[in-house]
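This report introduces a protein structure to a reader who has not met it before. It begins with one residue and the strand around it, and then widens to the sheet and the chain as a whole.

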Amino acid sequence: MVSFTKVKKPYVQNDGSIKYYWEGVCKQADTKPTEGIVNGSLLLELDTSTAYFFDEENGEWKAWE
């Protein structure tokens with residue numbers, strides 16, 4: 001289960017949609033959300049100690065290396 005611990009102000013996109021900056025924790029087996037999330041949001045995997053940052057352009061979470 002993904003648990004978001006911090007949510008910052010909404011960002012209104014050019015098309016009128018709203019996205020949010022999120023910070024949260026999850027486990028490796030959890031499905032990471034990709035909708036309504038702004039670039040640079042952060043997820044930490046508790047069981048792997050891996051940090052993921054959201055790449056809005058490609059719609060995916062990328063591991064910090």
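## A starting point in strand 4

T50 lies in strand 4 of what is a predicted model. The side chain of T50 is joined to that of T48 by a polar contact of 3.0 Å. When its neighbours within four places in sequence are left aside, T50 is in contact with L43, L44, E45 and A63.

Strand 4, to which T50 belongs, is mostly covered, since 5 of its 6 residues are buried. The strand pairs with strand 3 in the antiparallel sense over 4 bridges, and another 4 bridges join strand 4 to strand 5, with these two strands also running antiparallel.

## The sheet

The protein has 0 helices and 5 strands, and read along the sequence it follows the pattern β-β-β-β-β. An open sheet of 5 strands is formed in the order 1-2-3-4-5, with mixed pairing. Its edge strands are strand 1 (3–12) and strand 5 (60–63), each of which pairs on one side only. From one strand to the next, the twist averages 25 degrees.

In general, the strands of a sheet pair through backbone hydrogen bonds, and they do so either in the parallel or in the antiparallel sense. Where in this sheet is the pairing parallel? Strand 2 and strand 3 pair in the parallel sense, over 4 bridges, and in this pairing G24 has L43 of strand 3 as its bridge partner. Strand 1 and strand 2 (residues 18–26), by contrast, run antiparallel and are joined by 7 bridges, with K19 in strand 2 serving as the bridge partner of Y11.

## Residues that face each other across strand 4

Between strand 3 and strand 4, L43 stands opposite Y52, and L42 stands opposite F53. F53 also stands opposite K62 in strand 5, while D55 is placed opposite E60 of that strand.

## Three hairpins and their turns

The hairpin of strand 1 and strand 2 has 5 residues between the strands, and within this hairpin G16 takes a positive phi near 90 degrees. Strand 4 and strand 5 form a hairpin with 4 residues between them, in whose turn G59 has a positive phi of about 65 degrees.

Strand 3 and strand 4 likewise form a hairpin, with 4 residues between them. The loop here runs between strand 3 (42–45) and strand 4 (50–55), and S49 is found in it. S49 has a positive phi of about 60 degrees although it is not a glycine. Is S49 buried or exposed? The relative accessibility of S49 is 70%, and S49 therefore counts as exposed, the cut-off for that class being over 50%.

L46 has its place in the loop between strand 3 and strand 4 as well. With a relative accessible area of 57%, L46 is exposed. Apart from residues up to four places away in sequence, L46 touches V25 and C26. The C-alpha atoms of L46 and D15 are separated by 35 Å, and these two residues are 31 residues apart along the chain.

## The nonpolar core

Which residues make up the largest nonpolar core? This core has 6 residues, namely C26, I37, L43, Y52, F54 and W61. L43 and Y52, both members of the core, are also the pair that stand opposite each other between strand 3 and strand 4.

F54, another core residue, has a longer list of contacts to follow in the structure. Leaving aside its neighbours within four places in sequence, F54 is in contact with P33, T34, I37, V38, N39, G40, S41, G59, E60 and W61. Among these, I37 and W61 are themselves residues of the core.

## The chain as a whole

Buried residues make up 28% of the 65 residues in the protein. Of the contacts with a separation of 6 or more, 15% are accounted for by residues 24 or more positions apart.

Along its principal axes, the C-alpha trace spans about 35 × 20 × 15 Å. The protein has a radius of gyration of 12 Å, which agrees with the value near 11 Å that a compact globule of 65 residues would have.

Methods. Residues are numbered from 1 along each chain as its sequence is written. This is a predicted model: local features need pLDDT of at least 70, side-chain atom pairs count only at pLDDT 80 or more; totals for chains, interfaces and linings use all residues. Side-chain values use heavy atoms; hydrogens and water are left out. Buried means under 20% relative accessible area, exposed over 50%, partly exposed in between (1.4 Å probe, protein chains only). A nonpolar core is a set of buried Ala, Val, Leu, Ile, Met, Phe, Trp, Tyr and Cys residues joined through side-chain atoms within 4.5 Å. Contact means heavy atoms within 4.5 Å. A polar contact is a pair of N or O atoms within 3.5 Å; within protein, one must be able to donate a hydrogen and the other to accept it, and residues adjacent in sequence count only if both atoms are side-chain atoms. Two strands pair if DSSP finds at least two bridges between them. Axes are lines fitted to C-alpha atoms, for helices over the stretch in contact, and angles run from 0 to 180 degrees between N-to-C directions. The radius of gyration is taken over C-alpha atoms; the globule rule is 2.2 Å times the number of residues to the power 0.38.
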